[in-house]
Amino acid sequence: MKATWEKIEKNLGVLDVEVEAERVASALDKAFNKVVKKASVPGFRKGKVPRSIFEARFGVESLYQDAIDILLPEVYSEAVEQTDIFPVDRPEVEIEQFAKGQAFKFKAKVIVKPEVKLGDYKGIEVAAVKAEVSEEELTQELERLQQRHAELAVIDEGAAVSGDIVVIDFDGSVDGVPFEGGQAERYSLELGSNSFIPGFEDQVIGMATGDFKDVEVTFPENYHAEDLAGKQAVFKVKVHEIKRKQLPELDDEFAKDVSEFDTLDEYKEDLKKQLLTRKEQEAQGVRENEAVEKAAANAEVEIPQAMIDSEVQNMMRDFDNRLRQQGMNLEMFLSFSGQSQADLQGQMKDDAEKRVRNNLVLEQIAKEEKLEVTEEEINKELDNMADTYKRSADEIRSILAANGSLDSLREELLLRKTIDFLLENSVEGPAKEATATEE
């Protein structure tokens, strides 16, 4: 096989490939073995039609598309490796020649990973970040833990208030006609969470167990389902149950229940240490982000739209996975928030572009500085993962190898190493305070 690469403009080029006739013949053989199983010829059972009779009846050309489908992916991959390019999108392929007894020729327009022209990345000023825990922050953390360990008590009498969880049936319609996604039974809804269409939760507040009510709402004008956007809807709502949080007292008993400490004072002291550790980690993250973003801002790179679109899709998948962990999914989120998938993708676009730019710059810095990840470092990371997931390092390695993630792990470790390099070669700037994030 012969392959050449010619750059046309910026990140676009043409891959010119010629494959010897012998591989074409092999692909035609495979195509015949595939299609003959379904070929129907009088006097022959399916799968038993001789090749000569098949070609006489249907023509050898009937095998060409299947043969191309078999051969093209493997020779394209070989051509990419041979010409040492890094495609970032599906190629636009033009078949120039494919016939029995002849070479297979095709051209592929390919968008490749862009070149990065680095600016200053050593000696970048990165702010020092102070990590301190105030009494107010400690109190807020205790209150958050108090909320987390609250028990849900069923309220038999009285009306639902904001913060309650109501178990409801609802059946929505527009002009008396039910619409898709507007019905549910025994759905748990936290009032005040603003997870439903605006105005819905406010009207459920005040209902009691066993109550029925018609809740009238108007879908937002920018609602993702065009047939519902701006429409008035009526939801027939029945309340099955009301649950209210019962907060535990912040005392020694609370400390014993949620920790290994006997007194609240001991627990608070330990909690303060945990918060400080969290703030120190946050401070490190802030400094890392500042170093990377300043290095990226000093670099020149033209990012193909395909790379941004791909990163948006990755972010959408991650978001959907997080929603599923919370008992929701992307479709439900879009329905309740009144957004379309395009709206959500649009909100992610800037962050996606920033991520792609930062990673490209970090990759180029790693090349410039000849940074590499050693097998020892990979083994250490596998040991850490093994401790986290309570499995052996060999098991973790086998799992990652099976799903093709070992290279991704190596790339992630290299990015971390490059960020460490940036910080080690930075200059400390004026201090600012870190803010602890919730776990």
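In the predicted model, E290 and K294 form a salt bridge whose closest N and O atoms are 3.0 Å apart. Both residues belong to helix α7, which spans residues 264-297, and because they are 4 residues apart there, about one helical turn separates them. The two partners fall into different accessibility classes: E290, at 18% relative accessibility, counts as buried, since the limit for that class is under 20%, whereas K294 has a relative accessible area of 31% and is partly exposed.

A further salt bridge joins E293 to K354, with 3.8 Å between the closest N and O atoms. In this case the pair links distant parts of the chain, for E293 lies in helix α7 and K354 in helix α10, 61 residues apart. E293 is partly exposed at 36% relative accessibility, and K354 is likewise partly exposed, at 40%.

The salt bridge between E115 and K7 also has its closest N and O atoms 3.8 Å apart. E115 is located in the loop between β4 (104-111) and β5 (125-130), while K7 is in strand β1, so this pair ties together parts of the chain that are 108 residues apart in sequence. E115 counts as exposed, with a relative accessibility of 64%; K7, with a relative accessible area of 45%, is partly exposed. Over the whole structure, the search finds 29 salt bridges. Salt bridges also link D29, R51, E55 and K100 in a network.

Empty space in the model was examined next. Rolling a probe the size of a water molecule over the atoms shows where such space is left. The largest pocket contains about 1,600 Å³ of space. Its lining is made up of 43 residues, and those lying nearest the centre of the pocket are F86, K113, L360, E363 and E411. Two or more lining residues are given by each of β1 (2-9), α8 (305-325), α10 (341-368), α11 (375-389) and α13 (406-424). Of the elements, α13 provides the largest share of this lining, with 9 residues.

With respect to residue class, the lining of the largest pocket divides into 19 nonpolar, 7 polar and 17 charged residues. The position of the pocket follows from the domains that contribute to it: residues of the lining come from both domain 1 (1-112) and domain 3 (262-429), so the largest pocket lies between these two domains.

Enclosed space was also identified, the count being 1 cavity of 30 Å³ or more. The largest cavity has a volume of about 80 Å³. Its lining consists of F170, F179, G181, G182, F196, I197, F200, F219, Y223, F235, S335 and F336. At least two of the lining residues are supplied by each of β8 (177-190) and α9 (330-337), and β8 accounts for the largest share, 3 residues. The lining of the cavity comprises 9 nonpolar and 3 polar residues, with no charged residues; by contrast, the lining of the largest pocket includes 17 charged residues.

Methods
Residues numbered from 1 in each chain as written. Predicted model: local features only at pLDDT ≥ 70, side-chain atom pairs only at ≥ 80, totals over all residues. Heavy atoms only, no water. 1 Å grid on protein atoms, 1.4 Å probe; cavity = no way out; pocket = protein on both sides within 12 Å on 5 of 7 lines; lining within 4 Å. Points joined across faces, edges and corners; volume = space filled by probe spheres on them. Nonpolar A, V, L, I, M, F, W, Y, C, P; charged D, E, K, R; others polar. Domains from an automatic or database assignment. Salt bridge = Lys/Arg side-chain N within 4 Å of Asp/Glu carboxyl O. Buried < 20%, exposed > 50% of the residue type's maximum accessible area, 1.4 Å probe, protein only.
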